[in-house]
Amino acid sequence: MRTLAVYVAEHFASDLRMPDLAAHVHVSVRSLQNLFNSHCGEPPLKALRRFRLHQLYSLVMDRPWTPLRELYRQCGLTGSVADRDFFLEIYGLTIREHQEGSRVKSSSPPVPSVLSELPRGELRHMLKPAA
């Protein structure tokens, strides 16, 4: 189970399927389902979705101004109704409500730096010592 947990933590954003998970720990899909249910009390794919939603929760807290579509993609989620409902079940609020709350707690959206908007040569010119 520890080997599987490490594998999922490293590859959660990729398209993981039951045969992939079972092959990684060298058991059949059915054996993995039975072992996982007996050790964790839920099916492996539900646990994977829970892990991905936890990652999404953390990403939204860190980057509340990033579009949800992008955050879902980074977590290996599709933004389905099932994802939304499970997030609501786990955290007691929708992902959108969590994002809005995180935006209120953070400062305003990131403003591009004046230095990053300058043409390349301009920055070097500004950094030259005055003659």
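Let's start with R50 and what it touches. Leaving aside neighbours within four places in sequence, R50 is in contact with E42, F86 and I90. Keep in mind that this is a predicted model.

Where does R50 sit? In helix 4, which covers residues 44-62. Is R50 buried or exposed? Neither label fits. Its relative accessibility is 33%, so R50 counts as partly exposed; the band between buried and exposed runs from 20% to 50%.

Now take the partners of R50 one by one. I90 is 40 residues away from R50 along the chain. In space, the C-alpha atoms of R50 and I90 are separated by 8.3 Å. F86 is another residue in contact with R50. E42 is the partner with a polar contact: the side chains of R50 and E42 meet at 3.0 Å.

Over to E42, then. E42 lies in the loop between helix 3 and helix 4. Helix 3 spans 29-40. What is the relative accessibility of E42? It is 13%, so E42 counts as buried. The cut-off for buried is under 20%. So we have a buried glutamate joined by a polar side-chain contact to R50. What else does E42 touch? Not counting residues up to four places away in sequence, E42 touches F36, N37, A47 and R50.

Next, another loop residue. H26 is in the loop between helix 2 and helix 3. Helix 2 is 18-24. H26 has a positive phi, about 60°, although it is not a glycine. At 73% relative accessibility, H26 counts as exposed. The cut-off for exposed is over 50%.

Last item: helix packing. Back to helix 4, and its pairing with helix 7, residues 95-105. How do the two axes run? They come within 8 Å and cross at roughly 30°. That makes helix 4 roughly parallel to helix 7, because angles under 35 degrees count as roughly parallel. The crossing is right-handed.

Which residues make that contact? From helix 4: L56, Y57, V60 and M61. From helix 7: I95, H98, Q99 and S102. By class, the contact has five nonpolar residues, three polar ones and no charged ones.

To recap. R50 in helix 4 has a polar side-chain contact with E42. E42 is buried, R50 is partly exposed, and H26 is exposed. Helix 4 passes helix 7 in a right-handed crossing, with no charged residues in the contact. Over to you for discussion.

How values were computed: Residues numbered from 1 in each chain as written. Predicted model: local features only at pLDDT ≥ 70, side-chain atom pairs only at ≥ 80, totals over all residues. Heavy atoms only, no water. Axes fitted to C-alpha atoms, helices over the stretch in contact; angles between N-to-C directions. Helix = DSSP H or I, 4+ residues; strand = E, 2+ residues; numbered from the N terminus. Parallel < 35°, antiparallel > 145°, perpendicular 65-115°, else oblique. Left-handed = near helix turned anticlockwise from the far one by under 90°. Contact = heavy atoms within 4.5 Å. Nonpolar A, V, L, I, M, F, W, Y, C, P; charged D, E, K, R; others polar. Buried < 20%, exposed > 50% of the residue type's maximum accessible area, 1.4 Å probe, protein only. Polar contact = N/O pair within 3.5 Å; in protein donor to acceptor, adjacent residues only side chain to side chain.
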